[in-house]
Amino acid sequence: MESSRTGYSGGIDSSRTEERHRKNSAERKRKFLYGQQLFGRNQTLMTGLALVFILFSMMLFGLLFSPYGAAQMNGKEKFMSPCLTHWMGTDNFGRDIFTRVQHGMGMTVLIALSVTGIGAVFGTILGAVTGFYGGWLDEVLMRLNDMLAAFPGILLALVFISVLGSGKYNIILALGIIFIPSYARIVRGEFLRLRELDYVKSARLMGASDFRIMLVHILPNCVPALLSALTVGFNNAVLAEAGMSYLGIGVQPPDASLGRMLSEAQGYLFSAPWYALFPGIVIILLILGFSFISEGITKR
């Protein structure tokens with residue numbers, strides 16, 4: 001009798017194990033097909049990823065293996081046109097433009113990532129709290145958010161920079177604060193929509209805490225909207241940094257920046273057009289790459 005009972009329980013365990021294996025196999029197959037559909041057929045996304053990969057590879061190569069320094073001057077090689085030794089030519093101080101573009105892109109990407117990170121983190125926290133709880137807290141924080149968003153971003157950045165001073169760290173702080181309202185509004189809208197769904201109500205009935213509901217049940221479903229917003233925000237941060245550096249209140253010499261290089265090259269547009277051409281092309285390609293990625297994510 002005991003042996004038959006043991007054999008019966010063993011058969012149940014075996015069938016449960018097989019069922020679990022079948023479910024895991026089906027889940028892996030579903031994820032594989034989803035990834036194949038997302039990357040294999042989405043030419044827009046693949047084009048954007050390829051552009052960003054090429055630019056980032058060029059940036060990393062310049063930061064690690066460049067034979068020239070970004071601030072290395074050579075009075076004998078001023079305004080050299082593109083050649084084998086200087087692929088993008090040299091500037092008015094004899095500095096290698098290819099090396100400066102690589103370092104400048106690194107600086108621009110660092111600032112853009114930092115600005116996007118500050119805006120996304122604090123905007124997500126603000127939007128999650130206001131969207132989940134609502135009430136007077138939502139009204140107060142959203143009105144403050146509206147006040148900040150009512151002013152043009154570049155004007156607010158100029159005000160912050162005039163108070164804090166120029167430099168890469170101050171521009172990161174200023175632009176990061178300006179980017180918070182846009183992310184807060186996106187996340188708030190998602191939380192307002194998702195908090196009324198049945199699975200959230202079920203989690204609340206099962207005794208889940210507010211923090212767990214926000215972090216585990218609602219926030220992961222905000223990721224698609226956040227990903228698209230992050231790529232668009234990165235492009236806006238690149239343009240904002242380039243504009244501020246072009247005006248001379250962003251990255252300061254001797255650090256290289258794409259916007260600063262455009263500002264320095266504007267007096268030599270006809271005598272040395274490559275000086276402004278290559279930094280401008282890199283900015284365009286960088287923004288184009290992330291725009292393709294954003295569009296590819298939304299159309300997946």
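These are my notebook entries on a predicted model of one protein chain.

**Entry 1. Overall make-up**

I began with the secondary structure. The chain has eleven helices and zero strands. Read from the N terminus, the order is α-α-α-α-α-α-α-α-α-α-α. I then looked up burial for the chain as a whole: of its 300 residues, 39% are buried. For contacts with a separation of 6 or more, I noted that 69% are between residues 24 or more positions apart.

**Entry 2. α2 against α11**

I looked at how α2 meets helix α11, which covers residues 274-298. Their axes are 7 Å apart, and the packing angle is about 145 degrees. The crossing of α2 past α11 is left-handed. On the α2 side I listed Thr44, Leu45, Thr47, Gly48, Leu49, Leu51, Val52, Leu55, Phe56 and Met58. From α11 the contact takes in residues including Val282, Leu285, Leu286, Phe290, Ile293 and Ile297. What classes of residue make up the contact of α2 with α11? I find 15 nonpolar, five polar and one charged.

**Entry 3. α7 against α8**

I turned to a second helix pair, α7 (residues 198-205) and α8 (residues 210-218). This pair packs at an angle of about 145 degrees, with the axes 11 Å apart. Here α7 passes α8 in a right-handed crossing. Tyr199, Val200, Ala203 and Arg204 of α7 meet Ile213, His217 and Ile218 of α8. By class, I count the residues of this contact as five nonpolar, one polar and one charged.

**Entry 4. The loop between α2 and α3**

I next followed the loop that links α2 (43-65) to α3 (97-133), where Asn92 sits. Is Asn92 buried or exposed? Its relative accessibility is 15%, and the cut-off for buried is under 20%, so Asn92 counts as buried.

I looked up what surrounds Asn92. Leaving aside residues up to four places away in sequence, Asn92 touches Lys78, Phe79, Tyr268 and Tyr275. With Tyr275 there is a side-chain to side-chain polar contact of 3.2 Å. I also checked Met80, which is twelve residues from Asn92 in sequence; the C-alpha atoms of the two are 9.0 Å apart.

Phe79, one of the residues touched by Asn92, is in the same loop, between α2 and α3. I noted its backbone: phi of Phe79 is near 55 degrees, a positive value in a residue other than glycine. For background, most residues other than glycine have a negative phi. Phe79 has a relative accessible area of 30%, and I have put it down as partly exposed.

**Entry 5. α9 and what comes after it**

I checked the length of helix α9, residues 223-246. Its 24 residues reach 34 Å from first C-alpha to last, close to the 34 Å expected at 1.5 Å a residue. Just after α9, Gly248 has a positive phi of about 90 degrees.

Further on I found a cis peptide bond, joining Pro253 and Pro254, with omega about 10 degrees. For background, most peptide bonds are trans. Pro254 belongs to the loop between α9 and α10 (258-265).

**Entry 6. Ser257 and Thr108**

Ser257 is also in the loop between α9 and α10. At 0% relative accessibility, I have it as buried. Which residues does Ser257 touch, not counting residues up to four places away in sequence? They are Gly104, Thr108, Glu241, Ser245 and Val251. With Glu241 there is a polar contact between side chains, at 2.7 Å.

I then took Thr108 from that list. Thr108 lies in helix α3 and is buried, with a relative accessible area of 1%. Under the same exclusion of sequence neighbours, its contacts are Val238, Glu241, Ser257 and Leu258. Glu241 therefore appears in the contacts of Thr108 as well as in those of Ser257, where contact means heavy atoms within 4.5 Å.

**Entry 7. α10**

Last, I asked why α10 can be called largely enclosed by the rest of the structure. Six of its eight residues are buried, and the description follows from that. The buried residues in α10 are Leu258, Gly259, Arg260, Met261, Ser263 and Ala265. They pack against α3, α9 and α11.

Terms used
Residues are numbered from 1 along each chain as its sequence is written. This is a predicted model: local features need pLDDT of at least 70, side-chain atom pairs count only at pLDDT 80 or more; totals for chains, interfaces and linings use all residues. Side-chain values use heavy atoms; hydrogens and water are left out. Helices (H or I, at least four residues) and strands (E, at least two) are DSSP runs, numbered from the N terminus. Buried means under 20% relative accessible area, exposed over 50%, partly exposed in between (1.4 Å probe, protein chains only). A polar contact is a pair of N or O atoms within 3.5 Å; within protein, one must be able to donate a hydrogen and the other to accept it, and residues adjacent in sequence count only if both atoms are side-chain atoms. Axes are lines fitted to C-alpha atoms, for helices over the stretch in contact, and angles run from 0 to 180 degrees between N-to-C directions. A crossing is left-handed if the near helix is turned anticlockwise from the far one by less than a right angle, and right-handed if clockwise. Ala, Val, Leu, Ile, Met, Phe, Trp, Tyr, Cys and Pro count as nonpolar, Asp, Glu, Lys and Arg as charged, and the others, Gly among them, as polar. The expected span of a helix is 1.5 Å times one less than its number of residues.
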